[in-house]
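Reader: Hi! I have a structure open and would like to talk it through with you. Could you walk me around it?

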Amino acid sequence: MKKILVLMISIVMVFSFTACGGNDEKGGSSDSGNAYNLDMKSTEAQPMATERASADVLRETAQTYFGGMNYFEGTEQADYTYDDVKEHIGVDASEYKYDEERQAELYIWYVDGDDKAMLNVWFVDGKLNASGAMNLI
């Protein structure tokens, strides 16, 4: 009886260690800040936050915070991270997907109440690379 109990406890411990292991299959460690459990290499759109920003906030982000630019190589904005942009906008992105063509992470912020108005923001190696606005102006 004791042997069976010890064996069962050992099996439970092995599964516990496996469940709490470092890296998961979805790209990133379990404590990487991936609150939405995103597959960082998936080209399929993955939902993130349900809270959305206003058109005014996204417009201001594109025109002022990003300086009206679409590409950021060699600019001060090129050092912005996702966290910087999220903090400026005030909410997490609505969707995420990996842009295989650009080899970049694409985050999409939809306008509150309008799925056709959005701000697309690409990050390469964690830094702002490009942006594009649709139906914000």
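**Around helix 2**

Author: Happy to. This is a predicted model, and a good place to start is helix 2, whose buried residues pack against helix 3, strand 3, strand 4 and strand 5.

Reader: Nice. Which residues of helix 2 are the buried ones?

Author: They are Leu58, Thr61, Ala62 and Tyr65. They sit on the same side of helix 2, because the arc they cover around the axis is only 125°.

Reader: Why would residues spaced like that point the same way?

Author: An α-helix has 3.6 residues a turn, so residues three or four places apart point the same way.

Reader: And which exposed residues are on the face turned away from the buried side of helix 2?

Author: That face carries Asp56 and Thr64.

Reader: What about Val57, is that buried, exposed or partly exposed?

Author: Val57 is in helix 2 too. Its relative accessibility is 29%, so Val57 counts as partly exposed, given that buried means under 20% and exposed over 50%. The C-alpha atom of Val57 is 9.9 Å from that of Leu136, although 79 residues separate the two along the chain.

Reader: What happens just after helix 2?

Author: Gly67 is there, with a positive phi of about 65°.

Reader: Let's zoom out. How many helices and strands are there?

Author: The protein chain has three helices and five strands. Starting at the N terminus, the order is α-β-α-α-β-β-β-β.

Reader: How do those strands pair up?

Author: Strand 1, residues 46–47, is joined to strand 2 by two bridges, and they run antiparallel. Here Pro47 stands opposite Glu95 of strand 2. Strand 2 is also antiparallel to strand 3, with five bridges between them, and Lys97 faces Leu106 of strand 3 as its opposite residue.

Reader: And what does strand 4 pair with?

Author: With strand 5, residues 127–134, in the antiparallel sense and over seven bridges. Met118 has Met134 in strand 5 as its bridge partner.

Reader: Which residues in the hairpins have a positive phi?

Author: In the hairpin of strand 2 and strand 3, with four residues between the strands, Gln103 has a positive phi near 55°. In the hairpin of strand 4 and strand 5, with two residues between the strands, Asp125 has a positive phi near 55°.

Reader: Changing topic: how many residues are in the largest nonpolar core?

Author: There are 27, and those with the most contacts inside the core are Leu58, Phe66, Val85, Ile89, Tyr107, Trp109 and Leu119. Helix 2, helix 3, strand 2, strand 3 and strand 4 each give two or more residues to this core. Strand 4 supplies the largest share, four residues.

Reader: Is there a second core, or what else is packed together?

Author: A second, separate core has seven residues, among them Leu106, Met118, Trp122 and Ala130.

Reader: Back to Val85 for a moment. What is Val85 in contact with, apart from its sequence neighbours?

Author: Once neighbours within four places in sequence are left aside, Val85 contacts Tyr65, Phe66, Tyr80, Trp109 and Phe123.

Reader: I see a lot of rings. How many aromatic pairs are there?

Author: A search of the whole structure gives eight. In one of them, Tyr82 and Tyr107 are 4.3 Å apart centre to centre with 35° between their planes, a tilted pair. Tyr82 belongs to helix 3 and Tyr107 to strand 3, 25 residues apart, and the pair links these distant parts of the chain.

Reader: What sort of pair do Tyr82 and Phe123 make?

Author: That pair is edge-to-face, because the planes are at 70° and the ring centres are 6.3 Å apart. Since Tyr82 lies in helix 3 and Phe123 in strand 4, the pair ties together parts 41 residues apart in sequence. Both rings belong to buried residues: Tyr82 has a relative accessible area of 13%, and Phe123 has one of 1%.

Reader: Which residues do the ring pairs link into a cluster?

Author: The cluster is made of Tyr82, Tyr96, Tyr107, Trp109 and Phe123.

Reader: Last one: which residue lies over the face of Trp122?

Author: That is Arg102, at 4.0 Å from the ring centre.

Conventions. Residues are numbered from 1 along each chain as its sequence is written. This is a predicted model: local features need pLDDT of at least 70, side-chain atom pairs count only at pLDDT 80 or more; totals for chains, interfaces and linings use all residues. Side-chain values use heavy atoms; hydrogens and water are left out. A nonpolar core is a set of buried Ala, Val, Leu, Ile, Met, Phe, Trp, Tyr and Cys residues joined through side-chain atoms within 4.5 Å. Buried means under 20% relative accessible area, exposed over 50%, partly exposed in between (1.4 Å probe, protein chains only). Contact means heavy atoms within 4.5 Å. Two strands pair if DSSP finds at least two bridges between them. Rings of Phe, Tyr and Trp (its six-membered ring) pair if their centres lie within 6.5 Å; planes under 30 degrees apart count as stacked, over 60 as edge-to-face and the rest as tilted. A charge sits over a ring if NZ of Lys or CZ of Arg is within 6 Å of the ring centre and within 35 degrees of the ring normal. The arc is that of the directions from the helix axis to the C-beta atoms.
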